[in-house]
Amino acid sequence: MHNPGHRFQAQDRFADGAQFIAGRLTKGTSGRTHAVVDPATGDEVFTYELAGTDDVDRAVAAARAAFPGWAGATPGERSDALHRFAAVLADRAEELAQAESLQCGKPLKLTREFDVPGTIDNTAFFAGAARHLQGQSAGEYSGDHTSYVRREPIGVVGSIAPWNYPLQMAAWKILPAVAAGNTIVLKPAELTPLTSLLFAEAATAAGIPDGVINIVTGLGKEAGEHLVGHPDVAMTSFTGSTAVGKRVAEIATSTVKRLHLELGGKAPFVVFDDADLDAAVNGAVAGALINTGQDCTAATRAYVQRPLYEEFVSKTATLMESVRLGDPFAPGTDLGPLISHAQRDRVAGFVDRARGHARVVTGGGVPQGDLKSGAYYRPTLIADAAQDSEIVQSEIFGPVLVVLPFDSDDEGLRLANDTPYGLAASAWTRDVYRANRATREIKAGCVWVNDHIPIISEMPHGGYRASGFGKDMSAYSFDEYTQIKHVMLDNTAVARKDWHRTIFGDR
């Protein structure tokens, strides 16, 4: 398959290796290699030496050595460095967009208009937020003592990022950590290391000191678990599946370190009978198919009130059928492939198992012709599944939307909450009272009204229940990456005796 306009050459760009430690690229020392595969063609585009535990140790040591200087920098100095970082990212935007499309199969128009600009905006936000690491007000809360709170960095952060948004997830992990004065070792997914390495290189070019940001690209069972359990890592931040998140929590707990988890999702899309139907249909297709459905906030379960149900199903199917699958580098492509053939087969398995008890309205297969060699799967709409079925309850992570009817508002909101997850949701209605009730009662970290999927740097992102805990983005993320210290000063000129006498008596 021809990739028009494709210029990024990973093998040449990372000839020195795919580990970024103490400010330079190096080769991994595990003795094993791994291939980055273009999911649109199945072709290998980059083969690199995987990180082993020795590489993790070197990266953690570099981060630990850099910590005193970076933590001791003023907020203004860290802010200035991050402003320069944002400018370097803007200068390298096209390279970042092409690399992200190549390794993920995302349409280039998506990486150019969403992933890269969002990352630059997030960097600019944290450049400003670095100056506002506020504690609590000082005051005399106990006699002649003044108390205040210091907000301090934690130390070395070990983070693990997923393959679905490699660039943005690197930013979400790295930026609040370093803005707060921490140093970091990030392990990206072995399938998608390219843009994390480019991100770290840009940070060094912006003047962020060597060792503040380190990247180790290895397997989860080896490099990832070693990073999480490392005694010199003070905090672990993980984004990925709930099943792996439980394993990360188990390892992190054994060393009693701070833990932040952003896990899976199964977002409900609740359409009440007074909604703008066409807007809801457009929102459902965009929300379900964003990044080929490989998004933990993607619309996966549409609950539609009975009077609109059949028309919603019909119009959604028609719109899905107009979505253009194709070469990610072609201007007319709406939807790219899944990350791998293994992921495509996993999605196909969910759909095939649903056929016996639900209606596959459209899609549900692998496209033929030029796309057959890639990891493509047709946009799929499934109706009339049972609420307790696998297709409704489990995270599919593919271009699949399931639609179910409901009658009363009570029923719709009950069904929306009827999975273990709680990351994101949306409610579609013209009624402000219905909207207010839905946003109050749906148990999710984000609830959109008459929209689904947009995020902004100023607002937090994180889940409830099996979707994890803690927040990415926004000033709220500083609560994850800082620790609070109470400082208490005796304001009297001479040491007080009364308090000591109360405890010890006269001496």
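## Overall fold and helix H7

In the protein chain, 75% of the contacts with a separation of 6 or more come from residues 24 or more positions apart. Keep in mind that this is a predicted model.

As for the make-up of the fold, the protein chain has 17 helices and 20 strands. Its 507 residues would give a compact globule a radius of gyration near 23 Å, and the chain comes in at 25 Å, so the two agree. Laid along the principal axes, the C-alpha atoms fill a box of roughly 85 × 55 × 40 Å.

Here are some whole-chain values side by side:

| Property of the protein chain | Value |
|---|---|
| Share of the 507 residues that count as buried | 57% |
| Exposed area | about 20,000 Å² |
| Share of the exposed area from carbon and sulfur atoms | 52% |
| Distance between the mean positions of the positive and negative charges | 4 Å |

Behind that last row are 48 positive and 61 negative charges.

Now for a look at one helix. H7 takes in residues 194-205, twelve residues in total. From first C-alpha to last, H7 reaches 17 Å, close to the 16 Å expected at 1.5 Å a residue. It's mostly covered, too: ten of the twelve residues of H7 are buried. Among them are Leu194, Leu197, Leu198 and Phe199, plus the alanines Ala200, Ala202 and Ala203. Thr195, Ser196 and Glu201 are also on the buried list for H7. In an α-helix there are 3.6 residues a turn, so residues three or four places apart point the same way.

What follows H7? That would be glycine 207, with a positive phi near 100 degrees.

Methods: Residues are numbered from 1 along each chain as its sequence is written. This is a predicted model: local features need pLDDT of at least 70, side-chain atom pairs count only at pLDDT 80 or more; totals for chains, interfaces and linings use all residues. Side-chain values use heavy atoms; hydrogens and water are left out. Helices (H or I, at least four residues) and strands (E, at least two) are DSSP runs, numbered from the N terminus. The radius of gyration is taken over C-alpha atoms; the globule rule is 2.2 Å times the number of residues to the power 0.38. Buried means under 20% relative accessible area, exposed over 50%, partly exposed in between (1.4 Å probe, protein chains only). Contact means heavy atoms within 4.5 Å. Accessible areas come from the Shrake-Rupley method with a 1.4 Å probe; for residues, only the protein chains shown count as cover. Lys and Arg count as positive and Asp and Glu as negative; His and the chain ends are not counted. The place of a charge is taken as NZ of Lys, CZ of Arg, CG of Asp or CD of Glu. The expected span of a helix is 1.5 Å times one less than its number of residues.
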